[in-house]
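New to this one? Take a look at the model below, and then let's walk through it together.

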Amino acid sequence: MDKKVERTPEVEEADNFINAFQLPGMGINQCIQEYEDAEKVKLYEKMASRLNYSGPLYCADLLSGLIQDRANALVLDVGAGTGFVGEELHKRGFRKIVAHDGAQAMLDICREKNVYSSFICSIVDEGYKFPVKNDTYDAVTISGAVCENHLPPSCQAEFIRITKPGGFIINVFRATVLNLDYGRAWENEAKRLVSEKKWTLYGRLMAPGFSNVVDGLVDIYQVN
């Protein structure tokens, strides 16, 4: 739910900036074009920090509790953006982190942070197949990328395909996403995959303070 906080001009500006990438009808390709603007990428990191974006903390803390051999676990950070999740995972001992994003400008920032072992630049659209073999990753993390113009609901089957049996997929997102047609479609696809025994819902947690304007949710799935 949206948090009842004082929306100062600075907070309002930051929230509007982030939401501009999620406007219905923009589409994935136009969204990626916006993210390819180097100046916008720098501003994105500044605005996310201004909103006290804590999704990456939830991703890293929860995955740390699920995986013991962090140094050898291969983790895919989907929609890595400017590398917030990678930084937090690295602090907790993960050393084999792969950054994925549709915008090369975002991955260029990720590379500068020296926490990722490799990079995948590709747009995830309907019918998309990750250029990755089956059962490759020990875990997949997604923070803030489950929203309009970013990841289609159909990509969840791909996350399962590229994750090893027993591996985890952690998804942190704005709770308000579930009020949208997009969010309902995401939920329906996730439940369909549960019913087909492709993965199991390990747990859904509240994520208070996803940002200082909205709370979040965390879904943890284990691949069957």
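What follows is a short tour of the sheet, the helices around it and the empty spaces inside.

Keep in mind that this is a predicted model. A good place to start is the open sheet, which is built from seven strands with mixed pairing. Reading across, the order goes β3-β2-β1-β4-β5-β7-β6. At the edges sit β3 (118-121) and β6 (199-207), each of which pairs on one side only. On average, neighbouring strands are turned by 15° against each other, ignoring direction.

Zoom in on one pair of strands: β5 (residues 163-174) and β7 (residues 216-223) run antiparallel and share seven bridges. Here I169 stands opposite Y221 of β7.

Now for the helices. Helix α8 (residues 181-195) packs on the sheet and touches β5, β6 and β7. Its direction makes about 140° with that of β6. Helix α6 (residues 104-112), for its part, lies across β2 (96-101) and β3, running at about 170° to β3.

Two helices also pack on one another: α4 (residues 55-66) and α5 (residues 84-91) meet at an angle of about 35°, and their axes are 8 Å apart. This crossing is right-handed. On the α4 side the contact uses P56, L57, C59, A60 and L63, while α5 brings F84, V85, E88 and L89. By class, that makes eight nonpolar residues, no polar ones and one charged.

Next, the empty spaces. How many cavities of 30 Å³ or more does a search of the whole structure find? There are two. Here they are, along with the largest pocket:

| Space | Volume | Lining residues by class |
|---|---|---|
| Largest cavity | about 540 Å³ | 23 nonpolar, twelve polar, three charged |
| Second largest cavity | about 70 Å³ | eight nonpolar, two polar, two charged |
| Largest pocket | about 210 Å³ | five nonpolar, three polar, five charged |

The largest cavity is lined by 38 residues, and Y44, S143, G144, A145 and H150 are the closest to its centre. Elements giving two or more residues to this lining include α3 (38-50), β1 (74-78) and α5. The most comes from α2, with three residues.

As for the second largest cavity, α7 (156-162), β5, α8 and β7 each supply at least two lining residues. The facing residues I169 and Y221 turn up again here, as both line this cavity. W186 and E187 are also among the lining residues.

Finally, the largest pocket has 13 lining residues, with N19, Q22, R174, T176 and L180 closest to its centre.

Conventions
Residues are numbered from 1 along each chain as its sequence is written. This is a predicted model: local features need pLDDT of at least 70, side-chain atom pairs count only at pLDDT 80 or more; totals for chains, interfaces and linings use all residues. Side-chain values use heavy atoms; hydrogens and water are left out. On a 1 Å grid over the protein atoms alone, a cavity is a set of points where a 1.4 Å probe fits but cannot get out, and a pocket is an open set with protein on both sides within 12 Å along at least five of seven lines; lining residues have an atom within 4 Å of a point. Grid points are joined across faces, edges and corners, and a volume is the space filled by probe spheres set on the points. Ala, Val, Leu, Ile, Met, Phe, Trp, Tyr, Cys and Pro count as nonpolar, Asp, Glu, Lys and Arg as charged, and the others, Gly among them, as polar. Axes are lines fitted to C-alpha atoms, for helices over the stretch in contact, and angles run from 0 to 180 degrees between N-to-C directions. Helices (H or I, at least four residues) and strands (E, at least two) are DSSP runs, numbered from the N terminus. A crossing is left-handed if the near helix is turned anticlockwise from the far one by less than a right angle, and right-handed if clockwise. Contact means heavy atoms within 4.5 Å. Two strands pair if DSSP finds at least two bridges between them.
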